[in-house]
Amino acid sequence: MTINDIARMAGVSKGTVSRVINHNPQGVSEQTRQRILELIEEVGYIPNRVAGSITLARTKTIGLIIPDIQNMFFPQMVRGVEDCAMENGYTLFLCNSDSNIHKEQQYLRAFLEKRVDGILVNTCGELEDRSLYRSVCQSGIPMVLLDRKSRDFTDKPGVYVDNQEAAYSGVTHLIDTGCRNILFLGGPKGVYTTGERLKGYRQALREAEIPFQKEYITYGAYSTASGYERVRHIIEAYPETDAIFAGADTIAIGVLRALRELNIPVPGQVSVLGFDNIMLSADLTPPLTTVAQPIYEMGYRAARKLLALIGGDPEGAKSECMSTTLVQRESTRSR
């Protein structure tokens, strides 16, 4: 679908459509402007902002969307993507959605307009703009998912870890060290990684014949502040707590701070388990036991997979599940 097609369908000149698209509708009636906008929405037309300057078939650019650049997990991943892109002569456009699906949609639209050669997405949710969804599917621009799966793009390849198995191994470690009353401080409810890590938590309890208690489950942001605030509120309600499984190391940092302020010894009274193994984990007090993801390698391999798709290599169409490792440090008891 081109600007000429829109002009023909609307019964106006190409220049009229161009003025409407570029928010300069001088000399265009409101009725005509609305008809053009309705047509654009109906057919899912995305203007090509760089058509006038491109002389080659490719722009040598890829776009990456992440949920939160302030979360220490994501810069390590971005570095992997960037290193792979630079090694292959590509420029990376990095966008931070702030875990806001509307911002994610804006960035996806911008990537289509700029005609990037490929898109990497660490999604924060499902697309609400179905016209945009159709445009992404019809654009022909290769896409690879990173870290989180999406119900929208089940046909797209991705690079992940087995979050359920990883959480299961971590919670099993807590159980093996004698813990029975284990709180789960998850990420945002509805996010893929949160749900999978909760499944692993429940699996470990079930196999150890420990009753599942929904009161022990809380959801919140993947942030230090979220971990801190939740522990301050929940630990008093459940004084029997002997372990906390934080769904991310950033959450665990806030947990450790709250427990320290409450004079609750770690791991003497409460063990703390994280997830990710960000670079700061080993430097906390006490050093954090965590489930380590290959964060940099996930980013690098996702970029390599995307470049393979751009180059027409069918190997790029295969999803990849990378291994995790339980890193035992001093925030949990020894077996």
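R79 is partly exposed in this predicted model, because its relative accessible area is 48%, a value that falls between the limits of 20% for buried and 50% for exposed residues. The side chain of R79 meets that of D83 in a salt bridge, with an N to O distance of 3.0 Å. Both partners belong to helix α4. R79 and D83 are 4 residues apart, which is about one turn of the helix. Unlike R79, which is partly exposed, D83 is among the buried residues of α4.

Helix α4 runs over residues 73–87 and so contains 15 residues. At 1.5 Å a residue, a helix of this length should span 21 Å. The C-alpha atoms at its two ends lie 22 Å apart in the model, in agreement with that expectation. Besides D83, the buried positions of α4 include F73, F74, Q76, M77, V78, G80, V81, C84 and A85. The buried residues of the helix pack against several strands, namely β1 (61–66), β2 (91–96), β3 (118–121), β4 (143–146) and β9 (271–276). They also pack against helix α11 (295–310). Just after α4, G89 adopts a positive phi of about 80°.

Side chains of opposite charge can pair when their charged atoms come close. The count of salt bridges in the model comes to 11. Apart from the pair within α4, one of the salt bridges joins D98 to K103, with the closest N and O atoms 2.8 Å apart. D98 counts as partly exposed because its relative accessibility is 46%. K103 also counts as partly exposed, at 24% relative accessibility, a value above the 20% limit under which a residue is called buried.

A further salt bridge is formed by the side chains of E261 and R232, where the N to O distance is 3.4 Å. E261 lies in helix α10 (residues 249–261), whereas R232 lies in helix α9 (residues 224–234), so this pair ties together parts of the chain that are 29 residues apart in sequence. E261 has a relative accessibility of 40% and therefore counts as partly exposed. R232, at 35% relative accessibility, is likewise partly exposed. Salt bridges with shared partners join R232 and E261, together with R257, into one network.

Definitions and conventions. Residues numbered from 1 in each chain as written. Predicted model: local features only at pLDDT ≥ 70, side-chain atom pairs only at ≥ 80, totals over all residues. Heavy atoms only, no water. Expected span 1.5 Å × (residues − 1). Buried < 20%, exposed > 50% of the residue type's maximum accessible area, 1.4 Å probe, protein only. Contact = heavy atoms within 4.5 Å. Salt bridge = Lys/Arg side-chain N within 4 Å of Asp/Glu carboxyl O.
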